[in-house]
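Q: Look over this model with me. I want the reasoning behind its labels, term by term.

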Amino acid sequence: MPTTPPPYHATAVRPGWTELPAGLRSAVAERLGAPVVDAHVAGAGFTRGFAAVLTTADGSSAFLKAAGRGEQPRLVDWYAREAAILARLPAGLPVPRLRWTLDAAGWYAICLDAVDGHTPGLPWSPEELTATLAGYADLAAALADPPVDLLALDPPRLADLAREDILWWGEVAAGREPAPALPAGVDGRLAELVALESRLPGYAAATPPDSLIHGDLRLDNVLIDRAGAAWFCDWTWVCRGPAWFDLAGLLITGYASGLDVDRLFADHPAAARAPADALDVTLAALAGYFLTTAAATPPTASPQIRRHNRWSGEQALAWLAARQGWT
């Protein structure tokens, strides 16, 4: 049976504000300049780190992420990486501004401007997806020529990430990875899937070497504010690569929403110089990645990530099958 999508606005499993160490809460309040009187925990996301909009006694608000150095060292590294990236992104982009970072009571925290917005719903409304695509066009243009100090962080290359972690159909074909269940019409297409995904590293390597992408662009990393504009969150996975890779990943949920995603991809500025089969190559790679990793749910992640991976893989594969005439 096809998987249903997770509730992207409510996938996270996070501690509440009062569950954080008292020393951390005191240090945060001191940095904010007033006691915290309310904490609205973020429902979106798949990590178990603390993330919430904090409201203080003086009526101001801020968004805080935090993780324990002893309990969640990898998450601490991710938050520190995100803070370093946010501090170096070009000004004026639709990205929450970093205010400060903090070490206290064995925890690491980053504080950002709070965005008064919501996670887009499924199915996408055409208006919200249009706003998101317009915002991403601005992001992609800015990241095509990023600041020198952002490049100094030495972001990884998508070509290398693909070879190391994204391409899985070849592993399935070689018998090193169990074959995921595939729908009729696709179950005999393994050779084609291997051939398509194998082109991704070469395509990614052909991108100008300093061009950067978000690296994890998906519906639940977007917020739509009260004016209808899109904001882009969760910047840990910035890498060197082509913007059309981000665009294809985002539009998987657009395909699931019944929208004309082939046209949306072809008409977007991020796809202007993409190889003719770049969309198919990306869909093949992402389908293999999501479907083969769906069975492995890290204990540090939300249980909903398995459902997200399975559903995303199914949608990517269905879109690819429709484009290839396999259905």
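A: Start with handedness: a crossing is left-handed if the near helix is turned anticlockwise from the far one by less than a right angle, and right-handed if clockwise. The model is a predicted one. In it, the crossing of helix 7 and helix 11 is left-handed.

Q: Which residues make the contact between helix 7 and helix 11?
A: Contact means heavy atoms within 4.5 Å. Helix 7 supplies Leu-193, Leu-196 and Glu-197, and helix 11 supplies Asp-280, Val-281, Ala-284 and Ala-285.

Q: How do the residues of this contact divide into nonpolar, polar and charged?
A: Ala, Val and Leu count as nonpolar, while Asp and Glu count as charged. The contact of helix 7 with helix 11 therefore divides into 5 nonpolar, no polar and 2 charged residues.

Q: Why are helix 7 and helix 11 called roughly perpendicular?
A: The axes of helix 7 (residues 190-197) and helix 11 (residues 278-293) cross at roughly 115° and come within 8 Å. Angles of 65 to 115 degrees count as roughly perpendicular. The pair therefore earns that label.

Q: What makes strand 6 and strand 9 edge strands?
A: An open sheet of 3 strands runs in the order 6-8-9, with antiparallel pairing. Strand 6 (117-118) and strand 9 (230-232) each pair on one side only.

Q: How do you know that strand 6 and strand 8 pair?
A: Pairing takes at least two bridges. Strand 6 and strand 8 (residues 222-225) have 2 bridges, in the antiparallel sense, so they count as paired. Gly-117 has Asp-225 of strand 8 as its bridge partner.

Q: Which helix packs on this sheet, and which strands are touched?
A: Helix 3 (residues 126-143) packs there, touching strand 6, strand 8 and strand 9. The direction of helix 3 makes about 50° with that of strand 9. Angles under 35 degrees count as roughly parallel and 65 to 115 as roughly perpendicular, so about 50° is oblique.

Q: What is the strand order in the sheet of 5 strands, and where are the edges?
A: This open sheet has the order 1-2-3-5-4 and antiparallel pairing. Strand 1 (36-41) and strand 4 (98-104) are the edges, each pairing on one side only. From one strand to the next, the twist averages 25°.

Q: How many bridges join strand 3 to strand 5?
A: Strand 3 (residues 61-68) and strand 5 (residues 107-112) run antiparallel, joined by 6 bridges. The cut-off is at least two, so they count as paired. Leu-64 stands opposite Cys-111 of strand 5.

Notes. Residues numbered from 1 in each chain as written. Predicted model: local features only at pLDDT ≥ 70, side-chain atom pairs only at ≥ 80, totals over all residues. Heavy atoms only, no water. Axes fitted to C-alpha atoms, helices over the stretch in contact; angles between N-to-C directions. Helix = DSSP H or I, 4+ residues; strand = E, 2+ residues; numbered from the N terminus. Parallel < 35°, antiparallel > 145°, perpendicular 65-115°, else oblique.
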